[in-house]
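Welcome, and take a moment to look over the model below. The report that follows walks through a few of its features, one place at a time.

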Amino acid sequence: MTDPRSQDRQPSPARPPAESELSDVALDDVLEACQPSGRELRDPELASIARRIAEQPQLIARLRATQAADRRLAEAFRAVEIPPGLKDRVLAALAAAAPGESAEPADVARPARRARAWAAALTLTAAAALLLAFFYWRSPSSYRADSIADYAQRALENGKPPFRPGAPADLELPPRLAGARIESWAPTTFLEREAMLLRLERNGVRATLILAPLRGPTIAGRLPRNVYTTGKLAIGVLPDRKQLCVLAVEGDATAYRRFVEGGAVARTPGPRSRVSRAAARLESC
Amino acid sequence: MSAPSAAGRPTIDDLVRDCLTDVYGYAYRLAGNQVEAEDLTQQTFLTAQQKLDQLRQAANARAWLRSIVRRLFLAERRRKAPLPAGDLADQPNRAAEEPWDGFPIDRQVLDRALEQLSDEQRLVLTRFYFEEATYREIASECEAPLGTVMSRLARAKRRLRNLLLPKAESTSHNAPPAAGATWTKPMAPA
């Protein structure tokens with residue numbers, strides 16, 4: 001039995017003379033491009049291809065299997081759940097943006113003017129809220145744990161920038177990692193931002209920390225809290241109001257927790273001054 | 001809920017009531033994430049509200065709203081920096097050698113697979129699967145030759161199936177499918 005795909009891709013004497021622009025399309029592509037209903041195969045332009053399929057049982061089988069898979073995929077594509085409250089949010093946005101329903105009289109009465117002023121104020125507020133929402137959500141990823149982890153993994157595996165020994169000046173580690181030793185660092189990009197890669201060590205465990213600026217004040221609330229493991233690495237996002245802190249610890253989720261919790265010991269609660277940070281660094285040395 | 005307009009045209013409230021699920025689902029498949037899909041949905045209905053007079057027949061409302069979603073999605077994508085186009089190389093038709101019939105399509109797995117596709121691939125697949133658009137309709141809208149659209153569609157479908165199917169240890173991509181109406185693995189040589 002020959003493979004219909006390889007058969008199709010080679011110039012074949014069995015191919016009918018060019019009857020349309022579709023005569024040069026690979027048979028496999030035609031099978032894939034037709035809807036599972038099969039109605040397109042009745043298209044006169046595909047007549048010769050339909051004849052070829054009808055003549056070969058293996059092509060018929062392939063077509064049927066493609067159609068079966070397509071039917072299941074179409075079903076899965078349409079099975080999308082609406083987030084709760086979306087309808088109300090959409091209706092509220094529409095109400096806020098709705099133009100006046102009736103034509104205005106030439107002489108606008110005072111209450112009507114007041115109502116219009118209120119409507120304008122509401123519209124402006126809604127516009128401002130939409131603008132804020134736009135900046136709030138305008139981010140290159142949905143910040144799910146796996147997408148952050150993917151970015152981190154790529155930054156760690158593919159970047160390999162030249163590392164400089166020691167720590168950069170004026171560096172502020174997240175409070176929970178203040179006791180970790182910074183071995184080396186390198187500038188990098190992460191989630192399309194200027195970022196910094198730091199190689200850390202704590203109690204014999206090594207980790208890499210990615211520090212990147214937060215684009216908006218509210219992004220922090222959307223970052224994933226769970227730890228994502230990728231085989232050799234456990235990756236998580238540390239809570240920090242000032243910067244995005246993605247920590248990748250060599251090992252599993254337990255190693256990650258151990259690494260992070262090590263920093264919680266003997267930490268002074270409350271805001272830390274430059275002096276206390278310097279003291280912490282001295283302690284870690 | 002407001003009453004239909006005098007001309008028998010649906011009101012914006014009618015459209016939200018009848019088409020919200022469809023519009024959101026379509027936007028979700030195009031965007032690949034909930035946040036952007038919600039945003040697209042809201043913008044779509046806001047646009048529809050402004051251009052309601054362009055909707056001639058209530059029966060066309062769904063297609064009309066989908067076209068707004070598509071336009072907004074493409075406009076947004078054009079504004080953003082170009083994203084990596086993904087794997088543009090032709091994909092081996094792994095699905096042709098794998099058992100597909102009994103393989104469950106998990107929603108989250110599908111979501112993750114779609115995330116890995118390029119915007120262009122997601123768009124063409126959403127049109128094909130969600131909208132049941134024919135290759136001719138897709139080609140007509142994007143003004144591309146039929147053959148190009150077919151190849152693009154085939155490549156995107158293969159890539160999606162390959163992402164959905166569990167990783168195989170070794171697969172012969174050139175093996176023909178066995179006779180019968182299901183994709184079956186070729187028999188190992190004796």
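Let us start in the loop between H5 and helix H6 (135–142) of chain B, which is where Glu132(B) sits. This is a predicted model, so every value here is computed from predicted coordinates. Glu132(B) has a phi near 55°, a positive value in a residue other than glycine. With a relative accessible area of 42%, Glu132(B) counts as partly exposed, because exposed would need over 50% and buried under 20%.

Chain A offers another case of this kind. Asn203(A) is not a glycine, yet its phi is positive, at about 50°. You will find Asn203(A) in the loop between strand E3 (193–202) and strand E4 (205–213) of chain A. Asn203(A) is exposed, with a relative accessible area of 69%.

**Where two helices cross**

How do helix H4 of chain A and helix H5 of chain B pack, and at what angle? Helix H4 (residues 57–78) of chain A and helix H5 (residues 119–130) of chain B have axes 8 Å apart, at an angle of about 105°. Angles from 65 to 115 degrees count as roughly perpendicular, so that is the word for H4(A) and H5(B).

From H4(A), the residues in this contact are Asp70(A), Leu73(A), Ala74(A), Phe77(A) and Arg78(A). They meet Leu125(B), Thr126(B), Phe128(B), Tyr129(B) and Phe130(B) of H5(B). By type, the residues of this contact comprise 7 nonpolar, 1 polar and 2 charged.

One of the residues from H4(A), Asp70(A), deserves a second look. Is Asp70(A) buried or exposed? Its relative accessible area is 1%, so Asp70(A) is buried. Apart from its neighbours within four places in sequence, Asp70(A) is in contact with residues of chain A, namely Glu32(A), Cys34(A) and Pro36(A), and with Phe128(B), Tyr129(B) and Lys157(B) of chain B.

**More residues to visit**

Cys34(A), one of the residues in contact with Asp70(A), is itself buried, with a relative accessible area of 3%. Cys19(B) is buried as well, at 4%. A search of the whole structure finds 0 disulfides over all chains.

Asp22(B) belongs to helix H1 (residues 12–31) of chain B. Not counting residues up to four places away in sequence, Asp22(B) touches Arg62(B), Arg66(B) and Phe130(B). Phe130(B) also takes part in the contact of H5(B) with H4(A).

Leu91(A) is in helix H5 (residues 86–97) of chain A. Leaving aside neighbours within four places in sequence, Leu91(A) is in contact with Asp13(B) and Val16(B) of chain B.

Val237(A) lies in strand E6 (residues 233–238) of chain A. Val237(A) and Leu209(A) are 28 residues apart in sequence, and their C-alpha atoms are 9.6 Å apart in space.

Here is how accessible three of these residues are:

| Residue | Relative accessible area | Class |
|---|---|---|
| Asp22(B) | 11% | buried |
| Leu91(A) | 28% | partly exposed |
| Val237(A) | 11% | buried |

**Chain A as a whole**

Stepping back, chain A contains 9 helices and 7 strands. Of its 285 residues, 41% count as buried. Chain A exposes about 16400 Å², and carbon and sulfur atoms supply 56% of that area. Among contacts in chain A between residues at least 6 apart in sequence, 50% join residues at least 24 apart.

Key
Residues are numbered from 1 along each chain as its sequence is written. Chains are lettered from A and ligands numbered from 1 in the order in which they are written. This is a predicted model: local features need pLDDT of at least 70, side-chain atom pairs count only at pLDDT 80 or more; totals for chains, interfaces and linings use all residues. Side-chain values use heavy atoms; hydrogens and water are left out. Helices (H or I, at least four residues) and strands (E, at least two) are DSSP runs, numbered from the N terminus. Buried means under 20% relative accessible area, exposed over 50%, partly exposed in between (1.4 Å probe, protein chains only). Contact means heavy atoms within 4.5 Å. Accessible areas come from the Shrake-Rupley method with a 1.4 Å probe; for residues, only the protein chains shown count as cover. A disulfide is a pair of cysteine sulfur atoms within 2.5 Å. Axes are lines fitted to C-alpha atoms, for helices over the stretch in contact, and angles run from 0 to 180 degrees between N-to-C directions. Angles under 35 degrees count as roughly parallel, over 145 as roughly antiparallel, 65 to 115 as roughly perpendicular and the rest as oblique. Ala, Val, Leu, Ile, Met, Phe, Trp, Tyr, Cys and Pro count as nonpolar, Asp, Glu, Lys and Arg as charged, and the others, Gly among them, as polar.
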